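This report is for a reader who is meeting the structure for the first time. Please look over the sequence and the model before reading on.

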Amino acid sequence: MSRQSNAEKITALYCRLSQDDGREGESNSIVNQRALLSEYAHKNHFKNLRFFIDDGYSGTTFDRPAFKELESLVESGKVGTVIVKDMSRLGRNYLQVGIYTDIVFPDNDVRFIAINDNVDSSVQTEFDMTPIRNFCNELYARDTAKKIKSTMKMKAERGEHLTSQCPYGYMKSETDKNQWIIDEGAAEVVRYIFQLCIEGLGPTQIAKRLQREKIFTPTAYFASRDNKPLPLSPYNWVTNTVARILEKVDYTGCTENYKTVSKNYRSKKRTSNPKENRLIFEDTQPAIIDKPTFDAVQEIRKGKRRPTATGKLSVLSGKVFCADCGAKLHYCTTNYFKPKQDFFTCANYRSNTGSCSAHYIRNITLTNLVFKHLQNVLSYVQMFEEAFVDKEIEKANEEHFAAVRKAKKDIVNLQARCDNLDELFKRLYEDMVSGRISNERFDMLSADYEAEQKNIRAEIERLQQLIDAGEQEQYDLKLFLKNVRKYTDPEKLTAEMVNDLIDKIVVHAPDKSSGHRTQKVDIYYKAIGITNIADDEDLVAMDGRGQWRKNKETA
């Protein structure tokens with residue numbers, strides 16, 4: 001197709017305004033730009049006028065809908081002239097602006113005019129200031145981005161919400177837009193999702209359950225709440241949406257800032273920020289999910305379970321590990337298996353071609369064994385809770401509490417020495433400035449002080465981690481007792497029970513040396529590990545390896 005004649009070509013009047021540009025006042029408003037461009041075009045007898053407007057788009061990016069349309073028309077030879085108010089309206093990235101003004105427009109025979117900057121590509125000048133103007137426009141964008149980043153940093157460090165939209169489950173308070181309050185309609189669904197996860201369902205299964213029960217997706221819920229048209233598929237929950245809800249710490253009443261970062265002010269792409277670089281502030285809004293429930297779900301999510309082709313899962317899936325290689329034992333089943341035929345086998349076993357042996361154990365055998373042992377542990381702890389706590393504290397004292405007490409004393413002494421070194425360094429600097437010691441002597445002594453301080457801070461950090469671990473042990477034990485009280489007389493083993501009480505189950509390879517197939521199973525309970533506590537008083541129990549034992553009186 002032949003290109004259009006100059007008389008038929010479009011005169012493109014391009015307007016752009018971002019939120020940052022709007023702060024400069026009315027002069028940059030879209031209304032003002034339209035009036036200026038229209039007046040200039042008519043006064044200079046330009047024909048076939050057409051406006052292209054990007055309202056609310058930054059000049060640091062050229063991914064703007066109206067500009068992309070204009071660019072397409074330029075490349076197809078349908079545009080004769082492009083007119084803007086000034087160079088900054090075209091963009092604030094001086095490299096890309098230069099590509100358009102020096103390459104794209106000339107190659108397509110497009111005349112470019114920036115009215116307020118007296119730029120007209122059809123007029124030759126001895127000294128072209130356009131590149132300098134473009135660079136200055138970018139400096140403005142860079143400075144603006146720096147100010148915005150600084151403002152957001154202050155808000156982030158104060159624990160304020162940085163997002164303009166509340167997460168599903170919350171809404172903004174009518175009296176204070178910065179305050180989130182619970183939206184009970186959505187919060188009920190959030191609690192339901194967490195409960196289903198505790199009961200052993202994964203995100204995909206939860207999404208299917210929500211679809212079957214015709215529960216609105218977050219998008220559909222917001223539309224319904226705000227009296228807007230519903231989407232075409234209002235119940236179409238997807239796995240990723242459920243997974244994001246299960247991982248959102250905001251539901252515990254916390255605010256997590258710096259979750260994502262961008263490489264620079266030009267880039268609009270944001271990448272996940274490592275967890276250690278994020279800031280978390282507690283009690284910034286009412287909690288929808290309590291901390292123990294949230295932590296339990298995160299533990300479950302760490303051991304994500306591989307769904308079988310049949311969709312069936314064992315209540316122990318994700319908790320069973322190989323004693324020899326440490327890999328998970330996969331739950332294996334088919335549509336043709338009876339329940340007693342389902343089994344677990346090592347993930348590294350592949351018909352004798354893998355790196356490990358089968359560690360085969362039937363699901364029903366393992367489930368019954370774990371349930372019987374768990375019943376005895378529950379009975380013991382509920383009957384002799386005080387004795388149990390004394391035993392665990394005694395064990396913790398032997399293993400850890402003495403070290404924690406010493407660590408706290410050591411931290412006080414080390415911190416005092418660190419503060420003392422600061423004072424010594426100040427005096428040393430004063431001596432160097434006054435000439436009482438030489439620069440060489442100052443450098444040598446200050447290097448020694450700095451090295452000692454660095455070692456002290458590293459030791460303080462190590463000791464603090466030891467203290468934190470001790471306090472975590474106490475918290476874990478309290479949580480274990482709280483969960484034990486939930487199950488007074490369980491009739492069957494449930495996924496919720498397993499997730500609350502059991503850390504992992506380690507299956508050893510079968511032993512056939514005696515002529516009979518025997519297999520050792522280690523059950524690790526949360527907070528207490530392997531335990532033989534059920535072997536007490538007049539109880540008949542199994543030990544932590546799943547083998548029946550009796551006390552002396554009943555043996």
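The text below covers confidence, then one helix, then two sheets.

**Confidence**

This is a predicted model. The protein has an average pLDDT of 79, and 76% of the residues score at least 70. Over residues 535–555 pLDDT stays under 50; for that stretch the model has 46 contacts beyond four places in sequence.

**Helix H2**

Helix H2 covers residues 30–43, which is 14 residues. At 1.5 Å a residue, H2 should span 20 Å, and its end C-alpha atoms are 20 Å apart, so the expected and modelled values agree.

Four residues of H2, Ile-30, Gln-33, Leu-37 and Ala-41, are buried. Seen down the axis of H2, the buried residues fall within an arc of 60°, so they line one face of the helix. An α-helix has 3.6 residues a turn, so residues three or four places apart point the same way. On the other side of H2, Val-31, His-42 and Lys-43 are exposed.

The cover over the buried residues of H2 includes three strands, S1 (10–17), S2 (49–55) and S3 (79–84), together with helix H4 (87–90). After H2 comes His-45, whose phi is positive, near 60°.

**Sheet S12-S16-S17**

Three strands make up an open sheet with mixed pairing, in the order S12-S16-S17. Its edge strands are S12 (320–322) and S17 (521–525), each of which pairs on one side only. From one strand to the next, the twist averages 25°. Helix H12 (residues 363–383) packs on this sheet and touches S12, S16 and S17. The direction of H12 makes about 45° with that of S17.

**Sheet S13-S14-S15**

Another open sheet of three strands has the order S13-S14-S15, and its pairing is antiparallel. Strands S13 (329–332) and S15 (361–362) stand at the edges with a single partner strand each, so one side of each is left without a neighbour in the sheet.

**Strand pairs**

The table lists one pair from each of these sheets, with a pair of residues that stand opposite each other.

| Strands | Sense | Bridges | Opposite residues |
|---|---|---|---|
| S12 and S16 (residues 502–507) | parallel | three bridges | Cys-322 and Val-507 |
| S14 (residues 343–346) and S15 | antiparallel | two bridges | Phe-344 and Ile-361 |

Which residue of S16 stands opposite Cys-322? Val-507 does. In S15, the residue opposite Phe-344 is Ile-361.

Methods. Residues numbered from 1 in each chain as written. Predicted model: local features only at pLDDT ≥ 70, side-chain atom pairs only at ≥ 80, totals over all residues. Heavy atoms only, no water. pLDDT = per-residue confidence, 0-100. Contact = heavy atoms within 4.5 Å. Pairing = 2+ DSSP bridges. Axes fitted to C-alpha atoms, helices over the stretch in contact; angles between N-to-C directions. Expected span 1.5 Å × (residues − 1). Buried < 20%, exposed > 50% of the residue type's maximum accessible area, 1.4 Å probe, protein only. Arc of directions from axis to C-beta.
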